[in-house]
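This report covers a predicted model. Its topics are a sheet, two ligand sites and the cysteines.

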Amino acid sequence: MKVLFINPPNKNEILSCNPEIIKKERGYDPPLGILYLAAYLEKNSDHQIDIIDAQVEKLNYNQLTEKIKEISPDIVGITAMTFTLIDVIKVIEIVKKINSQIKIILGGPHAHIYPKETLDLSGVNFIVLGEGEKPLLELLNNIENLEKLKNIKNIAFKDNDQIVITECREYNKDLDELPFPARHLTPYKKYWSILSGDKMITTMFTSRGCPYQCTFCDRPNMGKSFRARSAKNVVNEMEECLKMGIKEIFIYDDTFTVDKERVINICNEIIKRKLNFVWDIRARVDTVNEQILKKLKQAGCARIHYGVESGTEKILKVLNKGIHLSQVKEVFDLTKKFGISTFAYFMIGCPTETKENILKTINFAKKLNTDFVQITLLTPFPATKIYNDALSQGIIKKDYWLEFAKNPKPNFKTKYWTEELSNEELFKFINYAYKQFYLRPNFILKTLKEINSFNDFIRKAKAGLKIIFMK
Ligand code: B12
Ligand code: SF4
């Protein structure tokens with residue numbers, strides 16, 4: 001069969017907590033979820049696999065239609081995020097118009113959280129829940145046999161209008177057995193990031209799942225236990241990327257540093273093989289120490305993204321973040337000492353957060369002496385403790401995410417925690433925070449020094465102008 005994976009255009013993404021600038025000027029990442037699925041199918045089946053990444057190719061819906069017609073697939077697979085659902089639906093409409101016999105399979109976070117509602121959307125034939133590699137292969141191999149499908153774990157489909165959601169399967173423990181993402185099926189030279197200037201980038205996952213329990217995050221509710229790939233396997237993938245000409249690798253693990261021994265082993269392997277490239281990681285301040293940071297630096301890790309979330313102990317507790325401000329300051333200083341850049345993520349608009357608390361957070365962000373910050377409005381996402389609290393406390397009056405899942409309409413607006421401050425006040429604080437951080441003379445000077453090409457200059461200048469005129 002011809003299987004086509006599509007990363008839909010992002011024309012109708014639900015606007016949430018991020019200012020426009022984050023979305024528009026940040027660059028393009030490869031859609032790793034479907035790249036993993038494509039690689040798994042290439043390795044374990046004879047299906048012909050194609051990928052269209054409409055975002056990096058900047059395809060509009062007409063151009064996408066032509067591409068789909070050219071490939072003429074039997075099956076189309078799409079990642080459904082709650083926030084990208086409208087574009088997912090538009091792609092389904094196009095596909096069914098081209099040929100109503102093409103079967104549509106959806107997976108990803110939205111399909112996992114709302115399988116029944118997703119299956120009820122017009123044109124959807126199958127859902128895959130959780131991690132998709134194995135269930136998708138089994139589904140494709142038995143797609144015409146309803147009885148066999150009922151025994152395949154982690155899928156959902158309709159049998160005579162009856163929704164069937166099959167049993168849960170255990171998460172794949174041996175991540176080393178998965179083939180590396182099928183980057184060769186994408187225009188991999190086109191992925192870039194504002195953080196890397198004009199260089200070719202890719203993203204990587206060296207582990208799956210997160211063992212922590214932050215109340216604003218959906219990861220703890222996705223039943224994902226932490227599992228990690230071996231150091232050799234990780235560095236083999238890095239080498240493969242370098243051979244493709246990729247210059248910078250962003251490691252997107254929820255928390256790369258959960259297992260310190262593995263981190264040291266990965267670094268040693270990079271050093272042993274004399275791999276010379278730039279890479280960065282996402283970590284928590286309570287999972288690094290002097291030894292780890294020193295090793296990371298020796299192995300070329302250039303930047304660490306830390307989820308700090310707040311500049312007050314009170315809100316860190318509300319978020320169940322499990323870290324303290326003294327730790328944050330100490331680890332940021334230590335990271336700097338080893339010459340690694342820092343990126344701090346903050347949120348405002350959290351439960352019980354007052355104006356004074358927000359101002360403290362903004363001041364804390366400035367004092368941290370971090371290289372970058374991202375400050376977003378806390379959006380109670382589906383499948384998070386904070387969303388459930390908002391519903392039970394009547395802060396959000398009805399389960400509006402579920403209603404959206406049942407009946408998705410464009411121009412949907414996300415709701416925030418507005419018990420203490422109104423929407424308008426919260427948005428004003430976001431603008432104020434960005435200006436306070438990014439329009440400091442020191443920051444502007446440092447950015448100018450780091451510009452590495454004309455394109456890089458244009459992108460950063462655009463981003464700077466957007467911050468100046470943020471409203
Ligand atoms: C990297 C990333 C991004 C990148 C790249 C996005 C991309 N296209 O891949 C960037 C920065 C661009 C991004 C942007 C956004 N993201 Co994002 N992102 C992530 C992150 C950190 C990793 C995704 C990933 O690559 N995972 C690794 C792969 C292997 O796992 P996976 O994607 O889950 O795929 C597996 C399964 O889900 C399943 N599967 C996935 N797709 C499909 C499709 C089929 C057909 C099948 C059968 C199975 C299947 O099988 C895959 C392999 O096992 C996740 C958090 C996380 N830890 O997963 C958030 C996450 C997916 N993002 C999220 C959000 C909200 C966004 C934004 C809307 C942000 C915003 N504006 O507020 C945008 C929208 C982007 C867009 N229009 O595409 C949410 C989605 C929540 C939801 N309910 O919708 C997540 C879960 C983070 C979170 N907890 O808040 N994101
Ligand atoms: S915010 Fe990060 S550390 Fe906390 S549960 Fe989510 S992924 Fe894990």
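## Strand β1

Strand β1 is mostly covered, with 5 of its 6 residues buried. The strand spans residues 2-7 and runs parallel to β3, to which 4 bridges join it. Two of the facing pairs can be named. L4 of the one strand stands opposite V76 in β3, and the bridge partner of I6 in β3 is I78.

β1 also pairs with β2, again in the parallel sense, and here the pairing extends over 6 bridges. Within this pairing, V3 stands opposite I49 in β2.

## The sheet

β1 belongs to an open sheet of 7 strands. Read across, the order is β2-β1-β3-β4-β5-β6-β7, and the pairing is mixed. The edges are formed by β2 (48-53) and β7 (162-165), each of which pairs on one side only. From one strand to the next, the twist averages 20°.

## The site of ligand 1

Ligand 1 is surrounded by 36 residues. The closest are E13, T79, T82, D218 and D254. By residue class, the shell divides into 14 nonpolar, 13 polar and 9 charged residues.

Which helices and strands each supply at least two residues of this shell? They are the helices α2 (32-44) and α7 (133-141) and the strands β3 (75-79) and β4 (103-107). Of the contributors, α2 gives the most, with 4 residues. β3 thus appears in two settings: it is a strand joined to β1 by 4 bridges, and it supplies at least two residues to the shell around ligand 1.

Three side chains can be listed with their distances to oxygen atoms of ligand 1:

- E133 has a side-chain N or O atom 2.9 Å from an oxygen atom of ligand 1.
- Q55 places a polar side-chain atom 3.3 Å from an oxygen atom of ligand 1.
- R219 places a polar side-chain atom 3.3 Å from an oxygen atom of ligand 1.

## The site of ligand 2

The residues around ligand 2 are C210, Y212, C214, F216, C217, R219, P220, D254, T255 and R284. They divide into 6 nonpolar, 1 polar and 3 charged residues.

Two of these residues also occur in the description of ligand 1. D254 is listed around ligand 2 and is among the closest residues to ligand 1. R219 is likewise listed around ligand 2, and a polar atom of its side chain lies 3.3 Å from an oxygen atom of ligand 1.

## Cysteines

How many disulfides does the structure hold? The number is 0. C267 is in no disulfide, and the nearest cysteine sulfur, that of C301, is 7.4 Å away. A disulfide is a covalent bond between the sulfur atoms of two cysteines.

Why is there no bond from C301 to its closest cysteine? The cut-off for a disulfide is a pair of cysteine sulfur atoms within 2.5 Å. The sulfur of C301 is 7.4 Å from that of C267, so the two are too far apart for a bond.

Are these two cysteines buried or exposed? C267 is buried, with a relative accessible area of 0%. C301 is buried as well, with a relative accessible area of 1%.

Technical notes. Residues numbered from 1 in each chain as written. Chains lettered and ligands numbered in written order. Predicted model: local features only at pLDDT ≥ 70, side-chain atom pairs only at ≥ 80, totals over all residues. Heavy atoms only, no water. Near = heavy atom within 4 Å. Nonpolar A, V, L, I, M, F, W, Y, C, P; charged D, E, K, R; others polar. Buried < 20%, exposed > 50% of the residue type's maximum accessible area, 1.4 Å probe, protein only. Polar contact = N/O pair within 3.5 Å; in protein donor to acceptor, adjacent residues only side chain to side chain. Pairing = 2+ DSSP bridges. Axes fitted to C-alpha atoms, helices over the stretch in contact; angles between N-to-C directions.
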